[in-house]
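Colleague: Can you take me through the contact between the chains, and then some of the salt bridges?

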Amino acid sequence: MAKIAQRQVLADISPTGFGAESKQQKNVQNNLPKWTGFKFAQVSGGEITASVEKIYEGGKSRPTVLCAPSEIGDITLTAHYDDDYVSAETAAGIGAKIKGLRKFVGVAYYNINISVYDCDIKDPTGDRVYPGALLVGMTEPEGDSSSGAPATFALTFAISDVENASSS
Amino acid sequence: MLSASRFVSGVAVDVNKVIGDDLDENFVNAIRVIQNTVRIYGARSCSLDTSNFKYITQQDVVNTVVSEAYASLEDLVFSPIDGRNELFAAISSRLVAILATMRDTGALYPAFDANGIQLDPGFTVKCDKTINPATQLAEGLIKATVGLRVSSIGDKIEIDIVKSNLTTSVV
């Protein structure tokens with residue numbers, strides 16, 4: 001039962017060609033930038049919430065809580081930008097990948113894989129997989145002439161479902 | 001000569017229940033009129049392994065896993081086999097994404113115990129050092145195993161109807 005640091009939780013993505021929605025647009029899915037081997041620096045979101053209704057029956061001081069469907073919040077993946085415009089299926093060419101993704105916001109389906117690494121950032125254990133996540137937002141690298149901080153970009157995904165990667 | 005029909009209006013030979021059941025037993029799919037609709041009544045496979053592949057749909061599920069795994073893992077071919085096990089995790093996650101989607105659509109059958117606790121999600125995925133020794137990796141071969149429980153097809157519905165009279169309890 002070892003505690004882990006946030007830096008041990010890493011995310012990667014891959015285009016999905018499977019699923020009712022993504023099968024309808026094979027032409028899109030086949031042309032999405034690949035991110036094989038690329039690890040995002042930050043992952044946030046994915047909270048699971050349910051908007052339940054409370055009923056106060058007459059004469060009762062406490063409410064009855066009705067069950068309700070749960071949904072998974074958007075996941076935002078952030079990484080450091082580089083201006084490598086060489087088109088590649090590997091982790092290289094971030095500039096080219098961002099350029100290629102701009103026209104696919106709102107239509108691109110990816111699988112998001114979240115893994116937990118050991119302290120040496122190796123031997124990943126699959127934690128959870130979000131199959132068929134839809135790209136709904138892209139934050140471009142921001143500029144600030146008085147800052148030396150690294151420029152970052154972010155991809156935001158709407159989530160349909162989550163699966164335990166360690167179910168095997 | 002090939003033709004394509006968008007609809008059918010009837011059958012040339014009306015296959016009744018007796019003949020249809022006999023054909024079904026002998027792996028023939030009869031096109032029958034059932035309650036005024038034309039239906040392909042069952043999609044039997046020719047497999048003698050009826051507990052696993054009685055209907056062609058079950059083989060289709062397995063075939064789908066194979067073809068989708070080919071497509072999804074193609075990106076990873078020629079990836080370096082790293083000593084940090086990154087490649088194993090990438091393979092596993094892609095397979096889980098395929099199988100979880102199939103499970104959600106009902107193609108796979110999760111198992112639950114008597115208390116409703118899920119025993120398994122209907123599939124297993126394994127890709128780690130235990131099935132990938134260094135001698136095998138040195139030859140460039142990476143292995144993964146997928147186990148899946150394909151949902152069966154309900155082809156019979158049996159109802160016991162017991163009539164009671166006024167002086168006896170209802171069963």
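Modeller: What follows covers the interface first and then charged pairs inside one chain. This is a predicted model, in which local features need pLDDT of at least 70, side-chain atom pairs count only at pLDDT 80 or more, and totals for chains, interfaces and linings use all residues. Residues are numbered from 1 along each chain as its sequence is written, chains are lettered from A and ligands numbered from 1 in the order in which they are written, and side-chain values use heavy atoms, with hydrogens and water left out.

Colleague: How many residues does each chain put into the contact?

Modeller: Chain B gives 25 residues and chain A gives 24, where contact means heavy atoms within 4.5 Å.

Colleague: And what is the buried area?

Modeller: About 1900 Å² between chain B and chain A, with 52% of that from carbon and sulfur atoms. Buried area here is the accessible area (1.4 Å probe) that two parts lose on being put together, summed over both. On the chain B side, B:Asp75, B:Arg84 and B:Glu86 supply 27% of what that chain buries against chain A, more than any other three residues.

Colleague: How many salt bridges cross over?

Modeller: Four between chain B and chain A, taking a salt bridge as a side-chain nitrogen of Lys or Arg within 4 Å of a carboxyl oxygen of Asp or Glu. B:Glu86 pairs with A:Lys39 at 2.9 Å, N to O. A:Asp12, A:Lys39 and B:Glu86 are linked in a network of salt bridges.

Colleague: Which element of chain B gives the most to that side?

Modeller: α4(B), with 12 residues; helices (H or I, at least four residues) and strands (E, at least two) are DSSP runs, numbered from the N terminus.

Colleague: Switching topic: what does B:Lys17 pair with?

Modeller: B:Lys17 forms a salt bridge with B:Asp21, the closest N and O atoms being 2.8 Å apart. Both lie in helix α1 of chain B, four residues apart, about one turn of the helix. B:Lys17 counts as exposed at 55% relative accessibility, and B:Asp21 as partly exposed at 36%. The classes are buried under 20% relative accessible area, exposed over 50%, and partly exposed in between (1.4 Å probe, protein chains only).

Colleague: What about B:Arg44 and B:Asp24, buried or exposed?

Modeller: B:Arg44 is buried at 9%, and B:Asp24 is buried at 17%. Their side chains meet in a salt bridge at 3.4 Å, N to O. B:Arg44 sits in the loop between β2 and α2 of chain B and B:Asp24 in helix α1, so the pair ties together parts 20 residues apart in sequence.
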